[in-house]
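Please walk through this model from its helices to its ligand site. The structure is shown first, and the explanation follows.

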Amino acid sequence: MQGAFAERLESVRRRIVAAASRAGRPEGAVTLIGISKTMSVERVKEAVAAGLLELGENRVQEAREKIPRIGPGPRWHLVGHLQGNKANLAARLFDVVHSIDSTDLLGRLDRAAASAGRRLQGFVQVALAGETQKAGVPPADLDDLLRAAAGCGHVEVRGLMLLPPYDPDPERSRPWFRRLREVAAGARTRHPGLRLEDLSMGMSDDFEVAIEEGATHVRVGRALFGARREDA
Ligand SMILES: *Cc1c(COP(=O)(O)O)cnc(C)c1O
C-alpha cells in the first residue's frame, strides 16, 4: 500500500522530470531536497521510508532534536540562516550548508568541519533582490567570499543559492532565477578553481520554473509534506 507521502513524492518527481525535459536537461540534473521543518520525526521517517534521502531543515536548534532520532540514511541540508556561534553544531549535523553568506561564517564552518573531521559541501546564498532579512551576501561582496572559499580545506563551495521574495505567481520569480544563473556563470569565469556548477533555487510554488532556469537543487517543503502548522 502506498501512503499519502509516497504519492506526493511521486507526483513532485514527475513534475521535476517534465520541467527538466522542457528545458532540454537530463533527468538526473536535479536533486530534490525535502524540507521537513516543523514536521514530526514520524513524518520524516515516513519520507525516508518512501525513498527521500535528501532532507533539509532551516533551524539548527530544531535539527539538533530531530536528526539524531531519524538515524543514518538521509543526507542533511541546512537551508536557513546560520549564526556564527552555531557553526560547530551545524558542521556536525549537516552535510550541505546552503546559507553561507559571509566570509566570517565560511571561515567558522571550515574550522568547525576540520575539528569535527568532516567535509561539508556549501552554497553561497546571494541577496540578489536586496533581501531585507539579513540573509545572503550582497552581489558586490560575492567575489571576496569566493576567493576565501578557494582556500577552504573542509568546506567545498559548489554553487549559489537564492531565496527570492515570496510571490505565489512563479513567473514573477523567473527573472530572479535567471539572474542567479547569470551571476553564477560570471563567477565561474572569475574563480576557475571552484566548481560552482550548482544552483539551489526553487520551492513548492516555483520549482518547475526554477528548473527551467537551471536549478540543480530544489528545496521543496509543502508540496511533499503538506501545509505547515505555523509558517516557519
Ligand atoms: C521552508 C523553506 C523551503 C521550502 O518551502 P516550501 O514553500 O514549503 O516548499 C525552501 N527553502 C528555504 C530556505 C526554506 O526556509
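Helices here are DSSP runs of H or I with at least four residues, numbered from the N terminus. The model is a predicted one.

In these terms, helix H1 spans residues 4-22, and Ala 20 lies in it. Ala 20 counts as buried because its relative accessibility is 1%, and buried means under 20%. Leaving aside neighbours within four places in sequence, the contacts of Ala 20 are Arg 25, Pro 26 and Ile 211. The C-alpha of Ala 20 is also 9.5 Å from that of Glu 213, although the two residues are 193 apart in sequence. Ser 21 belongs to helix H1 as well, but Ser 21 is exposed, with a relative accessible area of 52%. From the C-alpha of Ser 21 to that of Ile 211 the separation is 9.6 Å, with the two positions 190 residues apart along the chain.

Strand S2 contains Glu 54. The side chain of Glu 54 makes a polar contact of 3.1 Å with the side chain of Arg 75. Arg 75 also appears among the residues in contact with Glu 54 once neighbours within four places are set aside; the others are Thr 31, Leu 32, Ile 33, Gly 34 and His 77.

Helix H3 comes next. Which residues of helix H3 are buried? In this helix, residues 60-70, they are Val 60, Glu 62, Ala 63, Lys 66, Ile 67 and Ile 70. Viewed down the axis of H3, these buried residues fall within an arc of 130°, so they line one face of the helix. The face turned away from the buried side carries the exposed residues Glu 65, Pro 68 and Arg 69. The cover over the buried residues of H3 includes strand S2 (54-57) and strand S3 (75-78), together with helix H2 (41-49) and helix H4 (87-93). After H3 comes Gly 71, which has a positive phi near 85°.

Helix H6, residues 142-150, can be read in the same way. Its buried residues are Leu 142, Leu 145, Leu 146 and Ala 149. They cover an arc of only 95° around the axis, which puts them on the same side of H6. Arg 147 and Ala 150 are exposed, on the face of H6 turned away from its buried side. What covers the buried residues of H6 includes strand S4, helix H5 (103-115), strand S5 (120-125), strand S6 (155-161) and helix H7.

Strand S4, residues 96-100, holds Ser 99. With a relative accessible area of 0%, Ser 99 is buried. A polar atom of the Ser 99 side chain lies 2.7 Å from the backbone oxygen of Gly 80. Gly 80 is also one of the residues in contact with Ser 99 beyond four places in sequence; the list further holds Leu 78, Val 79, His 81, Leu 82, Leu 105, Phe 123 and Gln 125.

Next, the backbone angles. Most residues other than glycine have a negative phi. Thr 38 is not a glycine, yet its phi is positive, about 70°. Thr 38 is found in the loop between strand S1 (31-35) and H2, and Thr 38 is partly exposed, at 30% relative accessible area. Leu 196, also not a glycine, has a positive phi of about 50°. The loop that holds Leu 196 runs between helix H7 (170-190) and strand S7 (198-200). Is Leu 196 buried or exposed? Its relative accessible area is 2%, so Leu 196 is buried.

The last part is the ligand. Surrounding the ligand are Ile 35, Lys 37, Val 79, Met 203, Ser 204, Arg 219, Val 220, Gly 221, Arg 222 and Arg 228. This shell divides into four nonpolar, two polar and four charged residues. Among its members, Ser 204 has a polar side-chain atom 2.5 Å from an oxygen atom of the ligand. For Arg 222, a side-chain N or O atom is 2.6 Å from a ligand oxygen. A polar side-chain atom of Arg 228 lies 2.8 Å from an oxygen atom of the ligand. On its own the ligand has 380 Å² of accessible area, and the protein covers 94% of that.

Note on methods:
Residues are numbered from 1 along each chain as its sequence is written. This is a predicted model: local features need pLDDT of at least 70, side-chain atom pairs count only at pLDDT 80 or more; totals for chains, interfaces and linings use all residues. Side-chain values use heavy atoms; hydrogens and water are left out. A residue is near a molecule or strand if one of its heavy atoms lies within 4 Å of it. A polar contact is a pair of N or O atoms within 3.5 Å; within protein, one must be able to donate a hydrogen and the other to accept it, and residues adjacent in sequence count only if both atoms are side-chain atoms. Accessible areas come from the Shrake-Rupley method with a 1.4 Å probe; for residues, only the protein chains shown count as cover. Ala, Val, Leu, Ile, Met, Phe, Trp, Tyr, Cys and Pro count as nonpolar, Asp, Glu, Lys and Arg as charged, and the others, Gly among them, as polar. Buried means under 20% relative accessible area, exposed over 50%, partly exposed in between (1.4 Å probe, protein chains only). Helices (H or I, at least four residues) and strands (E, at least two) are DSSP runs, numbered from the N terminus. The arc is that of the directions from the helix axis to the C-beta atoms. Contact means heavy atoms within 4.5 Å.
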